[in-house]
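I am opening a fresh notebook page for a structure that is new to me. Come along as I look things up one at a time.

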Amino acid sequence: MNNCVFCRIIERKIPAKIVYEDDDVLAFEDINPHAPVHTLIIPKRHISTLLDLTDEDLLICGRMVKAANFIAREKGIAERGFRLVSNCNPEGGQVVYHVHIHLLGGRQLIAPFG
Ligand code: 5GP
Ligand code: ZN
């Protein structure tokens, strides 16, 4: 998808600080971090929103969460705690229409969603 910023990161057409990659998943630092750790985990296949996930994508979803756990451990925030967030559609706050999970941590996140 030419007009998708995250596909362009996957294709290395725009730069990003990549912290994890496997056959199905890529993770890179958010350009506008809201916490000391703010990493985005995305499927390499373009999927616009959570609503577009199919049964065939279940494995990829699991791999995204597994990657988030791996990155949280690597960054030393696993035991202290972290948050995974995925926004869907306008009222959910989705801005980039390529499914992604935000990994947030490294500070006390305000309960429940601040
Ligand atoms: P959303 O609001 O769609 O859940 O989150 C999109 C996230 O992507 C935002 O936190 C935003 O800072 C991040 N973002 C948007 N464009 C870029 C970019 O070109 N590079 C990186 N690294 N992050 C981006
Ligand atoms: Zn895309």
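My entries below go from the sheet to the helix that packs on it.

**Entry 1: the model.** I note at the start that this is a predicted model.

**Entry 2: the sheet.** I traced five strands and found an open sheet with the order β1-β2-β3-β5-β4, paired antiparallel. At the edges I found β1 and β4, each of which pairs on one side only. I also looked up the turn between neighbouring strands: ignoring direction, it is 20 degrees on average.

**Entry 3: one strand pair.** I then checked β1 and β2, an antiparallel pair joined by three bridges. Here I saw Ile18 standing opposite Phe28 in β2.

**Entry 4: the helix on the sheet.** I followed α2 and found that it packs on the sheet, where it touches β1, β2, β3, β4 and β5. The direction of α2 makes about 155 degrees with that of β3.

**Entry 5: a length check.** How far apart are the end C-alpha atoms of α2? They are 24 Å apart, and this agrees with the expected span, because 17 residues (58-74) at 1.5 Å a residue should also give 24 Å.

**Entry 6: two sides of α2.** Which residues of α2 are buried? I listed Ile60, Met64, Ala67, Ala68, Ile71 and Ala72. They cover an arc of only 135 degrees around the axis, so they lie on the same side of α2. Among what covers them are β1 (18-21), β2 (25-29), β3 (37-43), β4 (82-85) and β5 (101-105). On the other side of α2, I found Leu58, Leu59, Lys66 and Arg73 exposed.

**Entry 7: past the helix.** Just after α2, I came to Gly76, which takes a positive phi of about 75 degrees.

Technical notes
Residues are numbered from 1 along each chain as its sequence is written. Chains are lettered from A and ligands numbered from 1 in the order in which they are written. This is a predicted model: local features need pLDDT of at least 70, side-chain atom pairs count only at pLDDT 80 or more; totals for chains, interfaces and linings use all residues. Side-chain values use heavy atoms; hydrogens and water are left out. Helices (H or I, at least four residues) and strands (E, at least two) are DSSP runs, numbered from the N terminus. The expected span of a helix is 1.5 Å times one less than its number of residues. Buried means under 20% relative accessible area, exposed over 50%, partly exposed in between (1.4 Å probe, protein chains only). The arc is that of the directions from the helix axis to the C-beta atoms. Contact means heavy atoms within 4.5 Å. Two strands pair if DSSP finds at least two bridges between them. Axes are lines fitted to C-alpha atoms, for helices over the stretch in contact, and angles run from 0 to 180 degrees between N-to-C directions.
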